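Trainee: I should like to learn how an interface and a sheet are read from a model. May we take them in turn?

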Amino acid sequence: MIEQLTLQQRKLAYLIGIVLLMLPVILFGIPATGEEGSGGKLARLRQEHDLGESTLGKVDPTSATMNLVLLGMRGVAVNLLRMQLDEEKDQKQWAQMRATTESVILLQPHYIQVWRYLGWNLAYNVSAEWDAVEDRYFWVKEGTKFLMQGSERNNRDPEVYWDTGNTLGKKIGRSDEWKHFRKFFKVDPDTERYKGGPDSEINQAGNDNYLVAKDWFQKANDADEKRAQHIMMDVLFRSYPARSQLDYADALHREGQFDETARKAWDGAYHDWVEVFGQMRFQTGDCEIFLEMPAFENAMDQTMAASGVTRDKLEREINLYQNVSNYRYWRAKSHAEKHVNTAAVHRDLYEGEQLFKVNELDAAQESLESGLKGYKVLLDSYKDLTVDDSAIEEGLWAIMIWQKIYQLRNQVQPPEEEIPLRSLWDKEIHRVPNLQQDFNRKYGPS
Amino acid sequence: MTFDRDPFALLTGLRDWLLVFGGFVGIIFSATILVALGIYGTSGPVAVMSRVWQGLHDFTHLSPKRIWAISRLTILEAWRRKALWVFAVFAFLMMFAGWFLDSELRVDMQVKNAVSFALTTVLWLTIPVLLLLSCWGIPEDIRVRSLHTVVTKPVRRNEIVMGRILGFSAVSATIVAIMGVVGYVWVLRQVPEDHQPRLSGWNRLCLAVGLLPNISIEADPKNDLPAIDVSAKKFCRMPVYGTLEFVDREGAIATKGINTGDIWEFRSYIEGGTKASARYKFAVNDPVDQLKLESRFEAFRTHKGRIGQSLLVRYVLVNPTKSLRVPLPSFEIKEFSLNEQFINREVSYYDEDLKDTRTVDLFKDLVYFDEDEKLKRNVLQIEVQCLDSGQYLGMARTDFFIRLPDRSFLMGYFKAVFGIWLLTVFIVSIGVTASTFVKGPVATMLTFSVLIVGQGFRDFMIKLVTGEQKGGGPIESWYRLVTHMNDTLALPDTVGVQIMQGIDKVLLSGLWLTQHLIPDLSSFVMSPYVANGFDVPWGMAMFRSLAMTIGYLIPCVLIGYYSLTLRELEAK
């Protein structure tokens, strides 16, 4: 039949056929406007099942283009780039390695483990290759910025948020160079570029690194509400914002700050730990619990009634979660530290050591004795603290300095029963040899 | 990429080339005579000789006018085929490249990335265009029979080949030159604004075109600006490398230091606070008032040490003939950066034995004649020591050098651009020659293979040929893959295995020949020198690449001529 049509008629028939075929394509494929339920069937399905690029995070047009241009060769290209990256790292070609890292991520913008691994690589591995502390800090920042970029591109994923917080908190606040890094976080060593202020990309308001980390951990928790993380137990993952506040308060003490700011930091830490984290709900499998539940008899009863678990079982579950997160210790610690008297005890011990360093032995002895007495009262009041390594070592260390002062002044050491905090000394005597080695390395042998 | 190549020896290179070229021509000539004798009897060698004679005649009666005419046509053909559209791609890349280069990195690293990007873009945009043009030109002429109209004119076949090569080389010269200039301006603009010097208009212009290689801007007290050494951002250093030997912790001479766990064994380490040192010997000629030393050592810590303070390094000037040791003041190293030290002609130091300060003349008292076979000349010996106990200092031969006055960035950059052009000429020569005896697609594959093997697979090929690469030849590798046998396991001693390895030997000898026929093209790529702030050395890179291009151009023209002469041009 088609042979009977003229050329003109055939063209018209083809055109009508094309239009008819295009209609369903158009109807199905209308792109979404961003509003809920907008767009064609395909757009709606994409939205419903979180399959669209835009639902994963900020879309990078270059990345999307690169992936399209490479057709099915993305895997090959990524393999080649990763080999190149490793070679550049081995040969310490850092600038090229950084550029290759960007290329890899252009091709794998939503592969979370790639962001996590490469971010860690920059912040930990590359920074350790440099000798100058300023250079090391630069690469820690590079790693952090990289992770921040990753969280922007994958804003539904809690893990990269957590990694960003972890790098800001742990790497800056706990590495060997923490004293320098924490200062650099507020006053960047690149004074030419940052004019004596912080690098605004990672610390816009000039805050403490732990407080910035806390914000990122909070973002991780918010994202975890919608999409579960897979890197650790929920009770640990959710504890990080509060842990950051605790770390912040602790860091102030480490730096010798025992003023009202430090006390308020501990106050905030107690609030975050007990009032916020302690009230979070966790599904144990048998029932839903929160860590402060034993303090609320009604909540215990309701849970037992709703889930049918026995009191014994419920208490075991709560105890398990409290142990995993070291909950009771941190509750006791923050409760103790938020009091003015506790700050005074730490200050006495800290100042005692500082005075000892400058050979003000009388004042040092006085300060230490006062601190040790206060410390005894503190440990007696908060039994949970007596199992904490840092709390024990703080006491033992102060005793060693106190003994050293006697030795330096050629005084007869008081009888053992007069050693302040003797009960702690006796109880933890097995720790003394190791600690004594550190002490001797720092202040000379006895 | 190594900066530590041996300088190109022109006479030795020429001698080797003549030997290979002469041998190759001799073998082909003898084989042709013998084959002709076998097939055609005595008339065969006569016919061969007449062809040779014809060739000699054609090469001695070349017409520059006709060659130029062919070249002009080649250029027009390239124009018609829209070869210059490559500029559009180049412009597109340059416009947006800045978005993807990290502007947070240290300035020298940014410059390194920018220079590498610009030169790599020029290289990899030009090569495919020239490769395709050169491989498809003659086959296309044969296909559409336009070559008939040329060969029926008084144009010799060698003139066609030479004209083609010249024409494509001119096209590549134009493309590379324009891209090079645009790339240069782009690189200058990539340096962050706050690192741009506050210069007068004239100086800024001079700096922009690279006429001011080494300017030091003084601090501006009014604006409280720090002093910026522009030379630290864009310059071409001129290094004079020395020899290196190590002294171990016991004081004994060693060829290598300690490996601290680096996979890349480029650097060796010396232990701090011991007798270990790195002993550099530099050949020196005329006395100067001041020597500038530059180093790029690496630190490796076995303990934290003093955080915030880098490792301490000390140079000791040594004259063993006078038992004179002159320690210079120690300094903290800056890793992955420039450590510059100056030594004045008059050197004062504290003599431990005399318990007094002494002054010596650098050239009279410290330079001595070294009897070592490798040197046999006046040298300055400098020992490098690490002063931190328990820490290690890593170095390679090229990590420490005497720095001559810097060359301009412009000069170094355009030497690298010239290297790219030489590579395109090489590719064009191979492409045009290949297109005289095979069709376009095959010529393209052949030339592309030469390029890829010469650029990146040569080392692998050498490992395969020498047996350094585990896993055997192609058949053995295939056997191991199929049987899931990794390359560390020994094969059973059976007849089958022996046959397999015998075949592999034959195949690998073919690879041996290929490895010797395809040159190492990495010397053409000179961008790493400029990107790392070095001048492109004439001896190590420029002459080598130039000689390689000419060395391949001559046989290519010869092969192309005879292929085109003997080829049936009617064939499609």
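Trainee: How many residues of chain A are in contact with chain B, and how many of chain B with chain A?

Mentor: The size of an interface is often given as the accessible area lost when the parts come together. Here the account is by residues instead: in this predicted model, 17 residues of chain A are in contact with 20 residues of chain B.

Trainee: Which elements of chain A give two or more residues to the side that touches chain B?

Mentor: They are α6 (94-107), α8 (133-153) and α11 (191-194) of chain A. The largest share, five residues, is supplied by α6(A). By character, this side of chain A holds nine charged, six nonpolar and two polar residues.

Trainee: Turning to the sheet in chain B, in what order do the strands lie?

Mentor: The order is β6-β18-β9 (chain B), an open sheet of three strands with antiparallel pairing. β6 (268-271) and β9 (298-301) of chain B each have a single partner strand and therefore stand at the edges, with one side of each left without a neighbour in the sheet. From one strand to the next, the twist averages 30°.

Trainee: Which residues stand opposite each other in these pairings?

Mentor: β6(B) is joined to β18(B) by four bridges, and S268(B) stands opposite M395(B) there. β9(B) also pairs with β18 (residues 391-395) of chain B over four bridges, where R301(B) faces Q391(B).

Trainee: Which way do the residues of β6(B) point, and are they buried or exposed?

Mentor: In a regular strand the side chains alternate between the two faces of the sheet. In β6(B), S268(B) and I270(B) point one way, Y269(B) and E271(B) the other, and all are buried.

Notes:
Residues are numbered from 1 along each chain as its sequence is written. Chains are lettered from A and ligands numbered from 1 in the order in which they are written. This is a predicted model: local features need pLDDT of at least 70, side-chain atom pairs count only at pLDDT 80 or more; totals for chains, interfaces and linings use all residues. Two residues are in contact if their C-beta atoms, placed from the backbone, lie within 7 Å. Ala, Val, Leu, Ile, Met, Phe, Trp, Tyr, Cys and Pro count as nonpolar, Asp, Glu, Lys and Arg as charged, and the others, Gly among them, as polar. Two strands pair if DSSP finds at least two bridges between them. Axes are lines fitted to C-alpha atoms, for helices over the stretch in contact, and angles run from 0 to 180 degrees between N-to-C directions. A residue is buried if 20 or more other C-beta atoms lie within 10 Å of its own, exposed if 12 or fewer, and partly exposed in between; C-beta atoms are placed from the backbone.
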